[in-house]
Amino acid sequence: MNIVPLDAARLADLTPSLAELLADTVDGGASVGFLAPLDRAEAARWWKERSSAVAAGRLAVWAAYEEPGGVLGTVSLALPDKPNSAHRAELVKLMVHRAARGRGLGRRLLTVAEEAAAARGITLLHLDTETGSLAEHLYRSSGWTPVGAIPDYAADPAGVLRPTTIYYKRPGADPAAPAPG
């Protein structure tokens, strides 16, 4: 399985497969900002709208794919556009197709994003995820630090309001080292 960074042109080429991944993720119950069932055309429109952010360098996207199977996972970093936040990025839309779960792909995608952030000089990553989700277990077991939970933050794919936990991580830092402050 290949995990590759996507430029705007490659993102456009992979939009149908990325849309399938997004719809599968939502239909599988993951809270990634959409309600189920997610129409494939709507999912494709959402991915097409990301293209300009990728081209402008405000969004970095990686896709895990197998030939001829298509995209099985993705992760993105939302990069800051202000000078006072150039040291940080938000990890967004870590998704693994239900058919590819249980093989460590989520952890591999997370590691790729963390290493790319460190290589860019990013010293702080943050994310939010549904409290109690499978994704939360991945982040905790990968050394992310929970900050706290916000009740009723976002609706899950069924439309039920759920709490969200905020996490941070310092990429490239020794996980055994004490946090600064």
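The exercises below deal with the sheet, the helices on it, the largest pocket and three buried residues of a predicted model.

Residues are numbered from 1 along each chain as its sequence is written, and side-chain values use heavy atoms, with hydrogens and water left out. Because the model is predicted, local features need pLDDT of at least 70 and side-chain atom pairs count only at pLDDT 80 or more, while totals for chains, interfaces and linings use all residues.

**Exercise 1.** Work out the order of the strands in the sheet and state which strands stand at the edges.

Begin with the terms: helices (H or I, at least four residues) and strands (E, at least two) are DSSP runs numbered from the N terminus, and two strands pair if DSSP finds at least two bridges between them. On this basis, seven strands make an open sheet with mixed pairing, in the order 1-2-3-4-5-7-6. Strand 1 (2-6) and strand 6 are the edge strands, each having a single partner strand, so one side of each lacks a neighbour in the sheet. From one strand to the next, the twist averages 25 degrees, where axes are lines fitted to C-alpha atoms, for helices over the stretch in contact, and angles run from 0 to 180 degrees between N-to-C directions.

**Exercise 2.** Describe how strand 6 and strand 7 pair, and find the residue with a positive phi in their hairpin.

Strand 6 (residues 145-155) pairs with strand 7 (residues 161-169) in the antiparallel sense, over seven bridges. Within this pairing, Gly148 stands opposite Ile166 in strand 7. The hairpin has five residues between the strands, and Gly159 takes a positive phi near 90 degrees there.

**Exercise 3.** Place Ser76 in the sheet, and then find the helices that lie on its strand.

Ser76 belongs to strand 3. Strand 3 (residues 70-78) and strand 4 (residues 88-96) run antiparallel and are joined by five bridges, and in strand 4 the bridge partner of Ser76 is Val92. Helix 1 (residues 8-27) lies across strand 1, strand 2 (59-66), strand 3 and strand 4, at about 105 degrees to strand 3. Helix 3 (residues 105-119) also packs on the sheet, touching strand 3 among others, and its direction makes about 160 degrees with that of strand 4. With a relative accessible area of 3%, Ser76 is buried (under 20% relative accessible area, with exposed over 50% and partly exposed in between, for a 1.4 Å probe and protein chains only).

**Exercise 4.** Decide whether Ala89 and Thr25 are buried or exposed, and list contacts of each.

Ala89, in strand 4, counts as buried at 1% relative accessibility. Contact means heavy atoms within 4.5 Å, and, not counting residues up to four places away in sequence, Ala89 touches residues including Leu77, Ile122 and His126. The C-alpha atoms of Ala89 and Tyr168 are 10.0 Å apart, although 79 residues separate them along the chain. Thr25, in helix 1, is buried with a relative accessible area of 2%; leaving aside neighbours within four places in sequence, Thr25 is in contact with Ala30, Val32, Met95, Val96 and Arg101.

**Exercise 5.** Identify the element that gives the largest share of the lining of the largest pocket.

Strand 4 gives the largest share of that lining, seven residues. Helix 4 (134-141) is one of the elements that give two or more residues to the lining.
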